[in-house]
Amino acid sequence: NTSTNHLITNCTVKSLGVNTGTYKLTVLLTEDSIVAEQLDYRIAPPTPQKIPNYVFNHVLRSAINNTWGDAVFTGGAALNDSVVKSYPNFSINSTYRPEKCHVVAFIYDADASSPTYYEVFQAEEAHVK
């Protein structure tokens with residue numbers, strides 16, 4: 001919503017197989033094309049050279065839900081089970097440029113007893129419109 005600078009994010013999570021355990025969804029906001037000063041230690045070590053107009057991409061700006069995500073499947077999921085998570089009122093900082101922002105969402109194994117604990121199973125990125 002450009003008039004209020006609020007981002008509405010809806011994520012559909014679908015199980016592509018039979019899964020056991022707990023899986024969480026983390027939703028993040030990133031921004032590209034941030035121009036700022038950067039130190040480069042490769043050019044003249046040990047004194048770094050300043051690059052005045054370095055372009056930073058994929059800069060993590062914020063967690064839309066929270067750092068460790070929200071549980072989407074607890075105790076497992078059957079083939080084609082799906083969950084929709086909505087985050088309707090995330091306020092984008094006024095210093096960010098929405099046209100350069102992306103929403104990054106990923107599903108990971110949150111079951112401490114699993115051999116794939118913390119492994120990311122799927123990730124998606126969408127441009128903020």
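This section describes strand pairing, surface exposure and backbone geometry in a predicted model.

Strand 8, which spans residues 101-109, is largely enclosed by the rest of the structure, because eight of its nine residues are buried. Strand 8 is joined to two other strands. Nine bridges connect strand 8 with strand 2 (residues 23-31), and these two strands run antiparallel. Within strand 2, tyrosine 23 stands opposite aspartate 109 of strand 8. Strand 8 is also joined to strand 9 by seven bridges, again in an antiparallel arrangement. Here, phenylalanine 106 stands opposite alanine 123 in strand 9.

The loop between strand 8 (101-109) and strand 9 (120-127) contains tyrosine 117. Tyrosine 117 has a relative accessibility of 34% and therefore counts as partly exposed, since this class lies between the limits of 20% and 50%. Together with Trp68 and Tyr118, Tyr117 makes a nonpolar surface patch of about 360 Å².

Two residues in other loops show a positive phi although neither is a glycine. Histidine 58, with a phi of about 60°, is located in the loop between strand 4 (49-56) and strand 5 (59-63). Its relative accessible area is 57%, so histidine 58 is classed as exposed; the cut-off for this class is over 50%. Asparagine 80 has a phi of about 70° and belongs to the loop that links strand 6 (70-73) and strand 7 (82-91). With a relative accessibility of 44%, asparagine 80 counts as partly exposed.

Notes:
Residues numbered from 1 in each chain as written. Predicted model: local features only at pLDDT ≥ 70, side-chain atom pairs only at ≥ 80, totals over all residues. Heavy atoms only, no water. Helix = DSSP H or I, 4+ residues; strand = E, 2+ residues; numbered from the N terminus. Buried < 20%, exposed > 50% of the residue type's maximum accessible area, 1.4 Å probe, protein only. Patch = residues over 30% accessible without salt bridge, like charges linked within 9 Å, V, L, I, M, F, W, Y side chains within 5 Å. Areas by Shrake-Rupley, 256 points an atom, 1.4 Å probe, with all protein chains shown as cover. Salt bridge = Lys/Arg side-chain N within 4 Å of Asp/Glu carboxyl O. Pairing = 2+ DSSP bridges.
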